[in-house]
Amino acid sequence: MSAEPDAPPALTVRLAAPRGFCAGVDRAIQVVEATLERFGAPVFVRHEIVHNRHVVSRLRDLGAVFVETLEECPDDRPVVFSAHGSPRSVTEAAQARGMTYLDATCPLVSKVHVEATRHHAAGRQVLLIGHAGHPEVVGTMGQLPDGAVVLIETLEQARDFIPRAPDALAYVTQTTLSVDDTAEIVEMLRSRFPAMGTPHRDDICYATTNRQDAVKSLAGGCDVLLVIGSANSSNSVRLVEVGLRAGAPKAFLIDDADDLDLAWLEGAATVAVTAGASAPEDLVQGVISRISEAFAVTVEEVGAARETVSFKLPRALLA
């Protein structure tokens, strides 16, 4: 009589909630889909609509053409501006060329643009806390004249910054930063410049905050943390950093199930899984299916925050 095969090891998968798509990402994707439906293919999209290669690939298959500059777009086809926001010069150039354009900028990013513009108009020097080269930072800095915004990336830069006028300062932030890292930078600036203007409400968006809080609640009780998201997704990369800081022994950023090395999970009893704000839920389920090939999986969803935010499409797509 042949021996029974060994039972697969037990593994608890703790799913962070909330995770995955936020309202701004969902709206941006809908903008591209609705533009394709109204105007037909091709529709040009300036920069990746959101930072997830699976989302971009699906929209490309539907007829979206992703470019990095407006110069790559013909005058006679619609162009969508990505969720991260664009410099004012891009909108002005599209208008000058008589182009049909749809702005998919997340409304919470647009809020930062408005704040920066308001502070500048009031004569304040604007500090932007963010990461150099990220399209959201490029877009926010591009709302104002060259040199009007000073980028602060680190605590050291906040400590060493010399203002034009200490009593005429204000700050805004990128929406997808580490909440804790940003708080340290803001505290440094406030201690040095007590009169500094602040946002009416935190610029780091609700979805970034909620996903980081969920990871913090899971990190200390897991053996491995898996974050599903693309490497160019700022909020996804931050989730890995937050998880490690909150006590996860190991944390990995993966695009999808194909990126998962099951050897990472050997000896683990509990794996925490989350997804960045631009990662679709089907990728999460794909990772769980992949884990189930080698383990007897019990799935638990953990989290309290409920997200009910939604954003309307641009008026041009509602008519």
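**Exercise 1. Work out how strand 6 and strand 8 pair, and over how many bridges.**

*Solution.* Strands 6 and 8 pair in the parallel sense, with five bridges between them. Strands are DSSP runs of E with at least two residues, helices are runs of H or I with at least four, and both are numbered from the N terminus. Two strands count as paired if DSSP finds at least two bridges between them. For one bridge, look at Leu 128: its partner in strand 8 is Val 172.

A note on the model: it is predicted, so local features need pLDDT of at least 70, side-chain atom pairs count only at pLDDT 80 or more, and totals for chains, interfaces and linings use all residues. Residues are numbered from 1 along each chain as its sequence is written, and side-chain values use heavy atoms, leaving out hydrogens and water.

**Exercise 2. Find the order of the strands in the open sheet, and explain why strand 7 and strand 8 each have a side without a neighbour.**

*Solution.* Start with the order: three strands run 7-6-8, with parallel pairing. Next, strands 7 and 8 stand at the edges with a single partner strand each, so one side of each lacks a neighbour in the sheet.

**Exercise 3. Find which residues of helix 7 are buried (under 20% relative accessible area, 1.4 Å probe, protein chains only; exposed is over 50%, partly exposed in between), and how they are arranged around the axis.**

*Solution.* First, list them: Thr 182, Ile 185, Val 186 and Leu 189. Then look down the helix axis: these residues fall within an arc of 100 degrees, taken from the directions from axis to C-beta atoms, so they line one face. Finally, find their packing partners (contact means heavy atoms within 4.5 Å): strand 6, strand 7, helix 6 and strand 8.
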